[in-house]
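Visitor: Could you take a close look at a single part of this model, the packing of one pair of helices, and then place it in its wider setting?

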Amino acid sequence: MVEHRPWNDIIAYAILTLGVFIVAFPVYLALIASTHDAATVVGGNMPLTPGGHALDNYYRAVFVGGSRAIREPVGQMLLNSFISATGIALGKIFISILSAYAVVYFRFPFRKTAFWIIFVTLMLPVEVRIYPTYKVIADLHMLDTYAGLIMPLIASATGTLLFRQFFMTIPEELLEASRIDGAGPFRFFWDTLLPLSVTTIAALFVIQFIYGWNQYLWPLLITTQDSMQTIVTGIKKMLYTTDELAEWQLAMATAILAMLPPVAVVVFMQRLFVRGLVETEK
Amino acid sequence: MANVTLRNVRKTYAGGFEAIKGINFDVGDGQFCVLVGPSGCGKSTLLRMVAGLETISSGEIDIGGRVVNQVEPAERDIAMVFQNYALYPHMSVYNNMAYGLRNRGMKEPEIKTRVEEAARILELGAMLDRKPRQLSGGQRQRVAMGRAIVRQPKVFLFDEPLSNLDAKLRIAMRVEIRKLQRRLSTTSIYVTHDQLEAMTLADILVVMNGGQVEQIGNPLDIYQKPSTTFVASFIGAPPMNLMPLRSDELKSQLTGDARVDQAGILGIRPEDFAISDESVTGGVALGLTVEAIERVGAETFVYGTRQPEAQAVAANPGELPPGEVIVRIPGAVGPGIGERIRAVAAPDKLHLFTADGRQRVGD
């Protein structure tokens, strides 16, 4: 029940503010840390106000790289992450929309079986099948390549399920009308199903882009050259130093930069994204 | 222009359920055929078989002299209007109508002419750029009609096209559909469960029940001479009064009638009664207690009960409970509730059926 009492509002806002604070404070801290010099950050008494080294830190992070250890500038890592996340998202959409189309609209032997096999792969994320997957990619000479970063993460039951659910809400008469209008399976897909799926595609793109962006284990495993590593693995490597102080201010700048593309994707696609997940009107 | 012929058409589903049990009829060129029946009687299935959306288990469907059993829907030269219209939600009204023509490789100028002509006929001219969701129910219905018209097919198929509209619009669209069909004189098959729609639209009426044809014919002939009790109670609203002839009271009144020996059920339409104290030779007089009155202005329906009636007539949909009789009288004046009245019907207004209701007796 929705009532309007001042106390309810005050309590609700208090809880909301607390939640926002808990989520946002570490991010704020990272942002602050990226504006101080190394000594201030490591000194143990880091202020909560911005320091004066922001430009210097970000310039070094993006274009120069760290002063020591194995470091590639963030620019290259961002590019790597962007290519692989985009590739994973688009690849997943391509494969899952086609497989969902087959499963929903075509009557073929073992259709149910095919669907269940796809479904079962939900239980087989990369982490579980990591050794055989690595072996396959290595034998295909795809280590240290974008294809190697992207391909094993493309096959997706989630996408297939999402599209299947969506296709099943499309009235069957639409298919029948298309058949009477002389549209074959390909035309029906291209002219009717795809335009209607735009919001679902957007939703899936957002989810899968972030999924791809946040991959850690797989890129860590198959990239050996610094020039191929993604930003998420790169941040970790920046903190791994022997006999030296980690350059926290650079790591924090990198972390902030790493957050920006997924945030941008969510912000720009939010409207489509929400519609794709909740829309029922056809 | 074409006629549609169904020869012993059957449909059996994989589970063994027989939805259509051998149907034969012929729709002449330019005729308007209505399939009517209660839900689940197979009328929509039959229409979808003509459209090619359902396979035919056995028998033949012939459109314009060509057996189409194995022909794809798009190749059958038919157009269909669906109950939920099935408009493409992402296409403008214009594109909805043009889509089927483009798929056939028609040139854009020709498409434009046809769509604009259809839009003019259906008064959709101002809406060609809109999307279906910006239209009202009646307008969507017209777009669906337009999509059928532009194709200039041999046959129009309508699957309960008016049932999503409100009552007033339904009547208006019913008239429009009839006028349009007359004007284009395209052979049409129309499915409905609404007997009034069926009566007003049809050149040929096919009454279906349980996957079979109960009666085929001109709507008025069917109304005047229903061949089974199912048809008698399904066609006409309120339904025909059906009374078992076992009760002595009725039988004794009909001793002069030769048909009575074979008959088990007597049917009388509500409007064929008159409230009168005079006796009718050869006719029937019923003593009724008035239970309820419905005044709708031009006419009044009187619901009365006879002496408690033990045996029930075979229960068909739309039939009255045993012992209850509806009398329709003109005007708004009628008896009061609880009053005793005497309803009489002339001999030529009596319908007689065999006891199982499957056959009409006499004429």
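Guide: A crossing of two helices is called right-handed if the near helix is turned clockwise from the far one by less than a right angle, and left-handed if it is turned anticlockwise. In this predicted model, the crossing of α4(A) and α8(A) is right-handed. The contact is made by Lys92(A), Ile93(A), Ser96(A), Ile97(A), Ser99(A), Ala100(A), Tyr101(A), Val103(A) and Val104(A) on the side of α4(A), and by Gly159(A), Thr160(A), Phe163(A), Arg164(A), Phe167(A) and Met168(A) on the side of α8(A). Sorted by class, the residues of this contact comprise 9 nonpolar, 4 polar and 2 charged.

As for the geometry, helix α4 of chain A covers residues 74-105 and helix α8 of chain A covers residues 157-169, and the two pack at an angle of about 45° with their axes 8 Å apart. Angles under 35 degrees count as roughly parallel and those from 65 to 115 as roughly perpendicular, and α4(A) and α8(A) are therefore oblique to each other. A general point helps in reading the list of contacting residues: an α-helix has 3.6 residues a turn, so residues three or four places apart point the same way.

Elsewhere in chain A, the loop between α6 (130-139) and α7 (146-150) holds Asp144(A), a residue that has a positive phi of about 60° although it is not a glycine. Asp144(A) has 14 other C-beta atoms within 10 Å, and because a residue counts as buried only with 20 or more and as exposed with 12 or fewer, Asp144(A) is partly exposed.

Chain A also touches chain B, in a contact that takes 15 residues from chain A and 17 residues from chain B. On the side of chain B that touches chain A, the elements that give two or more residues are β6 and α2 of chain B. The residues of that side of chain B divide into 12 nonpolar, 4 polar and 1 charged.

Turning to chain B itself, there are 9 helices and 19 strands, and its C-alpha atoms fill a box of roughly 75 × 45 × 35 Å along the principal axes. Of its 363 residues, 40% count as buried, and of the contacts in chain B with a separation of 6 or more, 67% are between residues 24 or more positions apart.

A helix of chain B, α4(B), offers a second local view: it runs over residues 137-149, 13 residues in all, and reaches 18 Å from its first C-alpha to its last, close to the 18 Å expected at 1.5 Å a residue. This helix is mostly covered, with 10 of its 13 residues buried, among them Arg140(B), Val143(B), Met145(B) and Ile149(B). What covers the buried residues of α4(B) includes β6 (78-81), α2 (93-103), α3 (108-121), β7 (155-159) and α5 (167-184) of chain B.

Two backbone details of chain B complete the account. Asp77(B), in the loop between β5 (66-67) and β6 of chain B, has a positive phi of about 60° although it is not a glycine, and Asp77(B) is partly exposed, with 17 other C-beta atoms within 10 Å. In the loop between α8 (229-234) and β11 (241-244) of chain B lies Pro238(B), and the peptide bond that leads from Ala237(B) to Pro238(B) is cis, with omega near -5°.

Methods: Residues numbered from 1 in each chain as written. Chains lettered and ligands numbered in written order. Predicted model: local features only at pLDDT ≥ 70, side-chain atom pairs only at ≥ 80, totals over all residues. Helix = DSSP H or I, 4+ residues; strand = E, 2+ residues; numbered from the N terminus. Expected span 1.5 Å × (residues − 1). Contact = placed C-beta atoms within 7 Å. Nonpolar A, V, L, I, M, F, W, Y, C, P; charged D, E, K, R; others polar. Axes fitted to C-alpha atoms, helices over the stretch in contact; angles between N-to-C directions. Parallel < 35°, antiparallel > 145°, perpendicular 65-115°, else oblique.
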